[in-house]
Amino acid sequence: MSIKKSIAAFNEAKEVIPGGVDSPVRAFKSVGGTPLFIAKGEGAKLIDIDGNHYIDFVQSWGPLIFGHGDKTIENAVLEAVKDGLSFGAPTLVETDLAKDICTLFDNIDKVRFVSSGTEAVMSAIRLARGFTGRDDIVKFEGCYHGHSDSLLVQAGSGMATFGTPSSPGVPADLTKHTLLATYNDIESVKKCFDNSSDIACVIIEPIAGNMGLIPADEAFLKELATLCHDRGALLIFDEVMSGFRASLKGAQGHTSVVPDIVTFGKVIGGGMPVGAFGGRAEIMNVLSPDGPVYQAGTLSGNPIAMQAGLASLKQLQSDTTLYNRLESLGKRLVVGMQEAAKEQGISLQVDVRGSMFGFFFNDQPVKNFDDALKSDTTMFAAFHQKMLAEGVYFACSQFETGFICAAMNEEMIDSVIEKSKKVFGQLA
Ligand SMILES: *Cc1c(COP(=O)(O)O)cnc(C)c1O
């Protein structure tokens, strides 16, 4: 397999784009090698500019639940383009998509659309602060909520204290209102509430997908909701990844816990740039122009993106066995790989939630970020590289989630398991 053209393209890109990429994870830094430049996607497959084919378990980092080039979404977009790309004025499709979401979720009366997951979360947090009149927020170590300033934090001197910036360019003044807690550990959240009486909200990925796949325990989520309620803080489910991925109702299809605000992104745009956040009317009404909390966007609710989102959602709703099919494919994949690894004396921790799957090179259960960090990233990097050479495109980091799409089938999954057998044999 030659990737000569990708290597040349990467070198050329690096001259004019920092690191040659527009989002750092794409650069393959943690696994080494050259990122592949993509010419085309077809269903479950990616084709790079050298003409190599790969089974794609990244699916644009989540959005493409129907795979590449889904005809229904493609046609919705092509039709919408004919009427104009953007108006900066209300269109009917925004209401249609909002209605679909509000009907699907009992706890969402109103929803506002934005253009990315980052924007959705940033706006949801401002809303929570405006609604409660409080400044502090709690997030969990290892959860990712986009790249806005107050969320780029790492643990300071200890957990449950105020975070310090995880990136230069973020003033400590902007992270001093963010407290960090440990995923699946309610005591660490209690400590945050003990340290601050000014907590506006707790934000969580209820199915964490940005430190590898780590679902929250049901008991933990229940205690978290009770704690927030008792202390007058809002609970935000960041479902930018898990929304319409883990089930039609995202994490809310797996837990009885009901959040106050939910954020969406990825699948909700069907591959176009869309984010959204929603909640009860009393909360959402605090947003401008009804209320005082400012939030805006020139391309928010863009009609092309909305049509792509609506077409996706309609398909997700009409195919009642879809999530079961995707989940069983995911299970088949990770269980098959786990067995193949075990034959070579390699331990994998695996999990699946709907169309999301994860595998850690780790011999202990993974419940939080610290556990995840104990995984063998060197072995992951070797595995990634060798699987890529076999035509299997996994996310280029141990700390990402894999995605099954509707264009996959058992035959493809079994071929990947066979390839993994060969690769595990080489790694052992
Ligand atoms: C991807 C992601 C974001 C950020 O979304 P962008 O569209 O990349 O800005 C936020 N939260 C979660 C949970 C995500 O997975």
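In the predicted model, an open sheet with mixed pairing is built from 4 strands in the order β1-β2-β3-β17. Its edges are taken by β1 (38-42) and β17 (392-393); each has a single partner strand, so one side of each is left without a neighbour in the sheet. Strand β1 runs antiparallel to β2 (residues 45-48), and 4 bridges join the two. Within this pair, Glu42 has Lys45 of β2 as its bridge partner.

A further open sheet contains 3 strands, ordered β15-β16-β18, with antiparallel pairing. Here the edge strands are β15 (348-353) and β18 (402-403), each of which pairs on one side only. Between β15 and β16 (residues 356-361), which run antiparallel, there are 6 bridges. Val350 stands opposite Phe359 of β16 in this pairing.

Strand β16 also contributes to an enclosed space. A search of the whole structure finds 2 cavities of 30 Å³ or more, and the largest cavity has a volume of about 90 Å³. With 3 residues, β16 gives the most to the lining of the largest cavity. Phe359 is among the lining residues, as are Phe357, Gly358, Phe380 and Phe394. The lining also includes Ala395, Ser397, Gln398, Glu400, Thr401 and Gly402. By class, 5 residues of this lining are nonpolar, 5 are polar and 1 is charged.

The second largest cavity has a volume of about 40 Å³. Its lining is formed by Pro63, Leu64, Ile65, Phe66, Gly67, Asp70, Ile73, Val267, Gly270 and Ser312. Of these residues, 6 are nonpolar, 3 are polar and 1 is charged.

Among the pockets, the second largest has a volume of about 590 Å³. Its lining comprises 28 residues, and those nearest the pocket centre are Glu94, Val111, Arg112, Phe113 and Ser300. At least two lining residues come from each of α3 (92-104) and β4 (110-114). The largest share, 4 residues, is supplied by β4. The lining of this pocket divides into 12 nonpolar, 12 polar and 4 charged residues.

Strand β13 (residues 261-264) is covered on both faces. Ile261 and Thr263 are buried on one side, and Val262 and Phe264 are buried on the other. Strand β12 (residues 234-238) runs parallel to β13 and is joined to β13 by 3 bridges. In β13, Thr263 is the residue that stands opposite Asp238. Strand β14 (residues 275-279) runs antiparallel to β13, with 4 bridges between the two. Phe264 stands opposite Ala276 of β14.

Asp238 is also one of the residues around the ligand. A side-chain N or O atom of Asp238 is 2.7 Å from a nitrogen atom of the ligand. Two other side chains approach oxygen atoms of the ligand: a polar atom of Thr118 lies 2.5 Å from one such atom, and a polar atom of Asn210 lies 3.0 Å from an oxygen atom of the ligand. The residues around the ligand further include Ser116, Gly117, Tyr144, His145, Gly146, Glu205, Val240, Met241 and Lys266.

Lys266 is placed in the loop between β13 and β14. Although Lys266 is not a glycine, its phi is positive, at about 45°. With a relative accessible area of 24%, Lys266 is partly exposed. Most residues other than glycine have a negative phi, and most peptide bonds are trans. Asn184 likewise has a positive phi, of about 65°, without being a glycine. This residue lies in the loop between β8 (178-181) and α6 (186-195). Asn184 counts as buried because its relative accessibility is 16%, the cut-off for buried being under 20%.

A cis peptide bond links Ser288 to Pro289, with omega near 10°. Pro289 is found in the loop between α8 (281-284) and α9 (303-318).

Key. Residues are numbered from 1 along each chain as its sequence is written. This is a predicted model: local features need pLDDT of at least 70, side-chain atom pairs count only at pLDDT 80 or more; totals for chains, interfaces and linings use all residues. Side-chain values use heavy atoms; hydrogens and water are left out. On a 1 Å grid over the protein atoms alone, a cavity is a set of points where a 1.4 Å probe fits but cannot get out, and a pocket is an open set with protein on both sides within 12 Å along at least five of seven lines; lining residues have an atom within 4 Å of a point. Grid points are joined across faces, edges and corners, and a volume is the space filled by probe spheres set on the points. Ala, Val, Leu, Ile, Met, Phe, Trp, Tyr, Cys and Pro count as nonpolar, Asp, Glu, Lys and Arg as charged, and the others, Gly among them, as polar. Buried means under 20% relative accessible area, exposed over 50%, partly exposed in between (1.4 Å probe, protein chains only). Two strands pair if DSSP finds at least two bridges between them. A residue is near a molecule or strand if one of its heavy atoms lies within 4 Å of it. A polar contact is a pair of N or O atoms within 3.5 Å; within protein, one must be able to donate a hydrogen and the other to accept it, and residues adjacent in sequence count only if both atoms are side-chain atoms.
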